[in-house]
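Student: I would like to go through this model with you and ask, for each term, what earns it.
Tutor: Then let us look at it together and set each value against its definition.

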Amino acid sequence: MPGTKLFVISGPSGVGKDTIINHLKSRGRDWYFVTTATTRSIRDGEKDGKDYLFLTHDQFQAMLDRDQFIENAEVYGNRYGVPISQIDIAKYTNRHAILKIDVQGALTIKSKFNDALLIFVQPENIDQLIARLTTRNSENKSELEARISKASYEMDQSEHFDYIVTNNDNEILGSVEMIDKIISSH
Ligand code: 5GP
């Protein structure tokens, strides 16, 4: 259907994707923010169907067996996937679909949908990222180490993205504005 484009917002864990997305949502644009599915456990404050579609392993596997994901991956030991039905909602309502997924997922989307637009959110430098991950305190030690070791590989993938936005500390609204402009210009 004309009018619908896929925009993927990605970048290393801890870079501020969730905060940026929440700001974008509050701007009231007529875009469809895709809810992806996961097998990870629900965290305090999260809502099923809003933050994620929280599935059991069997439910996830059943969707996979029926080819109901446009992309799926294992991220930090949990499974995640973008349901086709979510993209269909964007198409039927003629809105852009905004996805927040990890870097490998972003590259998979680009390989399947050449006209998808990939936005890479990067920190000013790796130390800033490590500091953010450490202070947010939402991961245990081994999870934290996994995120840090994956981050430098992910930063190297930024060249494959259509846009790179540097999310400086204290300037989050600048990043929100840039991403808003990128999407609005399409
Ligand atoms: P968290 O569990 O912390 O919410 O997310 C972990 C990572 O998985 C984040 O980078 C998030 O963007 C990514 N993610 C969420 N949904 C999907 C998905 O459907 N596919 C992929 N590849 N990554 C996802």
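Student: What makes the residues of the shell around the ligand count as nonpolar, polar or charged, and how many fall in each class?
Tutor: In this predicted model, the shell divides into six nonpolar, three polar and seven charged residues. Asp, Glu, Lys and Arg count as charged, so Arg-40 and Glu-71, which are among the closest of the 16 residues that surround the ligand, belong to the charged class. Tyr counts as nonpolar here, so Tyr-52 and Tyr-80, also among the closest, are placed in that class.

Student: Why is the pair formed by Thr-36 and the ligand called a polar contact?
Tutor: A polar side-chain atom of Thr-36 lies 2.8 Å from a nitrogen atom of the ligand, and because the cut-off for a pair of N or O atoms is within 3.5 Å, the pair qualifies. Arg-40 brings a polar side-chain atom to 2.6 Å from an oxygen atom of the ligand, so this pair qualifies as well.

Student: Where does the ligand sit, and how do you know that?
Tutor: The ligand sits in the largest pocket, and this is said because more than half of its atoms lie within 2 Å of the grid points of that pocket. The largest pocket has a volume of about 1100 Å³. Of the 43 residues that line it, Asp-18, Arg-40, Arg-43, Tyr-52 and Lys-100 are the closest to its centre.

Student: Which element gives the largest share of that lining?
Tutor: The largest share, six residues, comes from α1.

Conventions:
Residues are numbered from 1 along each chain as its sequence is written. This is a predicted model: local features need pLDDT of at least 70, side-chain atom pairs count only at pLDDT 80 or more; totals for chains, interfaces and linings use all residues. Side-chain values use heavy atoms; hydrogens and water are left out. On a 1 Å grid over the protein atoms alone, a cavity is a set of points where a 1.4 Å probe fits but cannot get out, and a pocket is an open set with protein on both sides within 12 Å along at least five of seven lines; lining residues have an atom within 4 Å of a point. Grid points are joined across faces, edges and corners, and a volume is the space filled by probe spheres set on the points. Helices (H or I, at least four residues) and strands (E, at least two) are DSSP runs, numbered from the N terminus. A residue is near a molecule or strand if one of its heavy atoms lies within 4 Å of it. A polar contact is a pair of N or O atoms within 3.5 Å; within protein, one must be able to donate a hydrogen and the other to accept it, and residues adjacent in sequence count only if both atoms are side-chain atoms.
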